[in-house]
Amino acid sequence: MNVAESQAEGTRANLLVRVPVYRSPLADFWMRFKTNRFAVVSAAFLIFIHIVSLLAPWIAPYTPERIDLNNPLVRFSSDYILGTDENGRDVFSRLLFGGRVSLIVGLAAVAISIIVGTPLGAIAGYAAGWADAVIMRITDAFLAIPTFFLLLTILTLFGNSLTNIVLVIGLTSWMAVARIVRGEVLKTKNEEFVTAARVMGASATRIVVRHVLPQAIPSIIVSATLGVAFAILTESSLSFLGLGIQPPLPSWGNMLTASQYYVWSAPRLAVYPGVLIVLTVLAYNTLGNALRDVLDPRLRGR
Amino acid sequence: MGAYILRRLFHSVIVLFIISIVTFALIKAAPGGPGLLMDPTLTPQDREKMAEGLGLNDPVPVQYIKWVSNAVQGDFGRSIMQKRPVMDLITERIPATIELAGAGLALAVVTGIPLGLIAARRANSIWDRLIVLLGTLGIAIPGFWFAILLIILFSVQLGWLPSAGRMTIGDGSAIDRIQHLILPTLVIALYSLAQLTYFTRSSMLEVLRADYIRTARTKGLTERVILVRHALRNGLIPVVTMLGLMIPRLVGGAVITETVFGWPGMGRLAADAAFQRDYPVIMGITIVISAIVIVSNLLTDLAYSLIDPRIQLGR
């Protein structure tokens with residue numbers, strides 16, 4: 001600020017009380033977030049793909065199971081804008097409904113991993129001692145099992161319904177959440193406001209739920225966003241192998257199973273669902289990384 | 001140092017113990033339980049006799065101990081479909097998986113680490129951006145889809161490389177084997193390669209920001225000497241740990257890769273077994289692979305303590 005400006009400020013100060021610029025947390029978040037163009041594009045794409053998938057029954061020209069044996073492997077036509085698969089089913093409709101299934105599995109599995117991981121991490125971090133030791137060894141054990149084999153084992157034993165797939169992906173991916181929450185709790189639990197709550201006689205549960213865990217929410221959001229990407233990849237891999245979502249219910253993964261037999265005649269069948277998986281996973285990853293930059297105060301100013 | 005190794009060893013045993021409990025609990029909790037094994041045409045009396053013979057009427061802890069002591073000796077029971085000991089099936093398939101996973105890991109290391117170094121050295125340059133973009137894609141592309149694309153390009157369109165198997169029947173020469181290995185190796189390496197590039201980049205960036213690097217720069221050392229002699233040694237230490245953590249994912253990727261390319265390894269065995277609900281096989285594989293992962297993690301920890309002198313000072 002040069003001399004002239006500060007003088008101008010001085011005269012204006014007689015009329016106005018200068019207040020520091022205050023932005024609501026949400027406005028502050030948006031200020032930081034919008035500087036990352038990739039993140040904004042990713043968020044827009046995700047909102048679009050979720051809305052479109054949600055509205056699949058109203059947008060799709062056909063039901064995903066409708067078979068038209070007179071028109072198998074159509075390239076594209078006025079009836080089938082993205083063509084048909086080997087059974088004459090409309091690829092566009094199946095992509096919409098498949099997206100619905102894939103996204104639901106991704107989101108629900110992450111919800112479960114948070115529901116399981118958060119209390120475990122909080123208990124380990126806050127109680128410390130043997131509870132911490134036991135929980136962290138269990139976490140280590142789950143990290144050491146190649147998850148994909150565990151998934152196969154559980155689906156083999158319990159069957160591969162939609163519910164089981166969601167449960168199994170959720171129950172094999174809570175470890176990251178548990179570790180992150182534990183770390184945050186360890187960091188926060190000796191802060192003065194926590195000590196104050198303790199002195200005032202708050203119970204351990206109340207302290208953790210009301211004072212400590214809210215501090216961990218940004219980290220949980222970041223982990224969850226990245227987790228959705230991982231869950232969608234896992235579901236699509238399982239469904240591709242024929243061990244996940246069972247046809248005729250479409251998912252982006254199981255649409256690719258059949259496509260591998262038509263790579264010679266109709267490689268485009270392999271392209272559409274794959275591109276959607278990649279874009280969605282890419283968008284979730286980009287969004288997660290951007291949120292980490294915005295929400296993690298330690299990284300600010302870098 | 002001795003105490004450190006013992007402590008790590010103790011942890012590994014506990015982790016393996018927990019895995020065995022989880023696996024056993026899964027068998028017990030499954031609808032039908034181990035009774036699944038039995039022929040549905042049996043009378044209830046025969047069934048009871050068989051249950052007695054199999055020890056299914058023992059108290060659960062006794063069953064667990066029997067199961068574990070068999071598993072420790074490499075006895076995971078028999079395959080339901082193939083009627084052969086699970087351990088035989090696994091040992092047959094291990095070499096193919098080691099070949100593939102080893103090639104994948106090697107590819108990831110020899111390309112991922114240099115790419116990460118280049119990106120870190122020229123941070124924010126066009127090269128850096130390009131490498132980060134490729135890494136981002138590598139993490140988002142599902143392995144099976146990458147495999148299909150490679151097959152479309154290299155087998156269908158160009159006809160350069162075979163799309164399935166470990167060798168041509170009746171051939172099996174070194175060149176033939178390598179040709180069969182190329183596409184599966186690219187697929188299994190993709191994720192680890194991207195991860196390793198990212199990780200090397202961020203680890204090196206961290207180190208290049210350190211005070212002693214600034215000191216080296218003010219002494220007038222060339223960028224090359226700073227990078228190779230000063231930064232590399234510290235920057236690569238976390239990368240070694242990362243290698244250990246990558247192994248479960250790499251082996252998990254074998255299921256997909258081996259299935260798409262018809263590669264006769266453990267991953268394909270697991271996928272087939274899952275498909276046929278041949279659960280003794282799949283559980284045996286899960287435990288054997290977990291044990292391999294735990295041992296490799298232990299070795300990574302040991303390597304880490306050898307490279308990084310600071311570890312020995314700590315507990």
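1. A good place to start is B:Ile285: beyond its neighbours within four places in sequence, B:Ile285 is in contact with A:Phe149 from the other chain, and with B:Ile90, B:Met266, B:Leu269 and B:Ala270. Please keep in mind throughout that this is a predicted model.

2. B:Ile285 also turns up in the largest nonpolar core, which holds 148 residues. Together with A:Leu152, B:Ala147, B:Leu190, B:Ala270 and B:Ile282, B:Ile285 touches the most other members of that core. The greatest contribution to this core comes from helix H11 of chain A (residues 204–241), which gives 17 residues.

3. On to the contact between the chains, to which chain B brings 39 residues and chain A brings 38 residues. On the side of chain B that touches chain A, at least two residues each are supplied by H1 (2–29), H5, H6 (143–157), H10 (237–260), H11 (266–275) and H12 (279–307) of chain B. H12(B) has the largest share of that side, with 10 residues. By residue class, the side of chain B that touches chain A splits into 32 nonpolar, 6 polar and 1 charged.

4. A word on chain B as a whole: this chain has 13 helices and 0 strands. Of its 315 residues, 37% count as buried. Taking contacts in chain B between residues at least 6 apart in sequence, 70% join residues at least 24 apart.

5. I would invite you to look at H9(B), residues 223–235. A straight helix of 13 residues would span 18 Å at 1.5 Å a residue, yet H9(B) spans only 15 Å between its end C-alpha atoms. There is also a bend of about 25° in H9(B), located at B:Arg229.

6. Which residues of H9(B) are buried? They are B:Ile226, B:Leu227, B:Ala231 and B:Gly235. An α-helix has 3.6 residues a turn, so residues three or four places apart point the same way. The partners against which the buried residues of H9(B) pack are H4 (86–121), H7 (174–208) and H8 (211–218) of chain B.

7. Finally, consider B:Ala123, found in the loop between H4 and H5 (126–140) of chain B. Is B:Ala123 buried or partly exposed? B:Ala123 counts as partly exposed because it has 14 C-beta neighbours inside 10 Å, whereas 20 or more would make a residue buried. Outside its neighbours within four places in sequence, B:Ala123 is in contact with B:Asp128 and B:Leu205. The C-alpha atom of B:Ala123 is separated by 57 Å from that of B:Lys66, and these two residues are 57 residues apart along the chain.

How values were computed
Residues numbered from 1 in each chain as written. Chains lettered and ligands numbered in written order. Predicted model: local features only at pLDDT ≥ 70, side-chain atom pairs only at ≥ 80, totals over all residues. Helix = DSSP H or I, 4+ residues; strand = E, 2+ residues; numbered from the N terminus. Expected span 1.5 Å × (residues − 1). Bend = angle between axes of the 7 residues up to and from the residue. Buried ≥ 20, exposed ≤ 12 C-beta atoms within 10 Å, placed from the backbone. Contact = placed C-beta atoms within 7 Å. Core = buried A, V, L, I, M, F, W, Y, C linked by C-beta atoms within 7 Å. Nonpolar A, V, L, I, M, F, W, Y, C, P; charged D, E, K, R; others polar.
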